[in-house]
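This report follows selected parts of a structure, moving from a single residue to helices and to the meeting of two chains. Please keep the sequence and the model in view while reading.

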Amino acid sequence: MNTFLAALSSGTSRGAIFALVALGLVIVWRGAGIVNFAQMGQAMFSTYIASTLITNGNSYWIAFFVALISGAVLGALLDILVMRPLSNKKQSELLSSESMRAAVPVIASLGILGVLQALAGIIWAAEERGFPAPAKQEGFTVAGNVLPFTSFDLFVVSIVTVTLIITTLFFTKTGIGLAMRATALNQEVAKLSGIRTNRTRTISWAISGAASSLAGLLITPTSNLSPNSLDLVLIVGFTAAVVGGLDSPAGAVLGGFILGMVISFVTFYSTPEDVFLAILAVLLIVLIIRPRGILGSKDARRV
Amino acid sequence: MLKVENLVTRFGSVVALDDVSMTAQESKITTVIGANGAGKSTLLRTISGLEHPAAGSITWKGQSILGKRPEEIVRLGIAHVPEGHAVISELSVEENISMGSLFRRKKYKSDVTAAMDEMYALFPRLKERRKQLAGTLSGGERQMLAISRALVSRPQLLLLDEPSLGLAPLVVEQIIDSVNTLCRTTGLSVLLVEQNANTALGVADHGVLLALGKVVADRPASELKADATLRAAYLGY
């Protein structure tokens, strides 16, 4: 029974973080129409910034908000400096076909990931460092029993829930949200409607950058920080987004929790070595039964 | 109102528009007719900023709009409904319409709602389906939606590309009638591209006949309609 509860609580808090990563991917997918593999590189970078601030004596919360803002700024910069020039090069031979136009930005995002990791290695050295949590990482005590669910877990789950609600409302109820969806779905019609698509895409990148930085801040207290420490999180987060439906914020969260649970239960009841096999199994099952993802819409494009 | 002079647009080595000059008059329907591949759509796409011309000039209300982005040109009052019922299938009918007035929502808040209500009055079928995804609409309804999306931007000039494409004659008539009524009652100027010359010349004031990227005739619509030689030579009936 105790093992079960431990697996459940660890699955919940891990799932919340994967949900956040998946959410960041979904935002760029919906706003700009590409899968951004540099996302956790951006998160790693802003978590390092937070870590440096804390080391220099600033409070956790100052570092927290600076990291969110720098995540947003970094996201916007990547769009302006890399993605926008790429999409303006329609005349070039390489980008003349539709499939290459879809593939090139994704490959560019992998390149950005490499650059960010190398830069972080140069600036902060490549050794692992710890990162503090804003809440206690000891389990709650009920009637003398220590539960495996900690106040930090509670913090993570509530932040992710709030973020999800805000993002969903933002996409469906605001003008900018509609402009972002229109831009991702059909750029030509969006432009003809007077939507400034370049600006809209940059906003998507900024929001996604902030969301993934949040994920970085929430996962590093349990996983430590190094230039490559978030690679695995990205793989699981991407799988979560695909499982849930790449164009659905709610699907991203659902996918995140499913994978969090699967990973946690496999770790507790089997061995950690089986985790990847389990992730792959979940991915395959979903792709075979429902290729668009659990909550994905029918017309979503393929990656 | 809109003046196009010596416009040249190329796609690689293909010359789609070859020294085209024409005007769209205020509060009138001007139609551009011609066979498939004559350059009609390219003309509209160049005016709205989707294609970049190699030479020539486009003047709108006395100012050059050459080199401006499509999203800026629509803000100047030229709305383009491209070929093929251009709506976003994954968005609802209501979202598709309000997309067209997003850029006006802060400055003209009350008018944005009014404009949408006008569209629902113009095309009541859209109102019945306002929560449905645009992808579930029929071809005619999608064309109505595309036109509504353009009209809520409160344009002074509407560029309408082949509204009859793939639609039943009755639906075409209904759509053309609505546009005609709008032009006559609100003073909207229309630049209508059509392959179906008869329909277009029936409502238009002025007609421009394009063939292989060149203007071969530029006359009042009634004269063009009556010219049997031109019809036989360029439109094949």
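Setting aside neighbours within four places in sequence, Val28(A) is in contact with Ile34(A), Asn36(A), Ser204(A), Trp205(A) and Ser208(A). The model is a predicted one. One of these partners, Ser208(A), lies 180 residues from Val28(A) along the chain, yet the C-alpha atoms of the two are separated by 6.2 Å. Val28(A) itself belongs to helix 1 of chain A. Is Val28(A) buried or exposed? Val28(A) counts as buried because it has 28 C-beta neighbours inside 10 Å, and the cut-off for a buried residue is 20 or more.

The nonpolar core is the next topic. In soluble globular proteins, nonpolar side chains tend to be buried together. In this model, the largest nonpolar core has 149 residues. The residues with the most contacts inside this core are Ala19(A), Leu20(A), Val21(A), Ala22(A), Leu23(A) and Leu159(B). Which helix gives the most to this core? Helix 1 of chain A, residues 2-32, does so with 14 residues. The surroundings of Val21(A) can be listed as well: if residues up to four places away in sequence are not counted, Val21(A) touches Met40(A), Ser212(A), Ala215(A), Val233(A), Leu234(A) and Gly237(A).

Two helices of chain B may be set side by side.

| Helix of chain B | Residues | Buried residues | Glycine that follows, with its phi |
|---|---|---|---|
| Helix 1 | 40-47 | eight of eight | Gly49(B), positive, near 90° |
| Helix 10 | 228-235 | zero of eight | Gly236(B), positive, near 70° |

Helix 1 of chain B is thus mostly covered, whereas helix 10 of chain B is hardly covered. The buried residues of helix 1 of chain B are Lys40(B), Ser41(B), Thr42(B), Leu43(B), Leu44(B), Arg45(B), Thr46(B) and Ile47(B).

The report turns finally to the place where the chains meet. How many residues does each chain bring to the contact? Chain A brings 18 residues and chain B brings 23 residues. On the side of chain B that touches chain A, helix 2 (70-75) and helix 3 (93-99) of chain B each supply at least two residues. Helix 2 of chain B gives the most to this side, namely four residues. Sorted by class, the side of chain B that touches chain A has 10 nonpolar, seven polar and six charged residues.

Note on methods. Residues numbered from 1 in each chain as written. Chains lettered and ligands numbered in written order. Predicted model: local features only at pLDDT ≥ 70, side-chain atom pairs only at ≥ 80, totals over all residues. Contact = placed C-beta atoms within 7 Å. Nonpolar A, V, L, I, M, F, W, Y, C, P; charged D, E, K, R; others polar. Buried ≥ 20, exposed ≤ 12 C-beta atoms within 10 Å, placed from the backbone. Core = buried A, V, L, I, M, F, W, Y, C linked by C-beta atoms within 7 Å.
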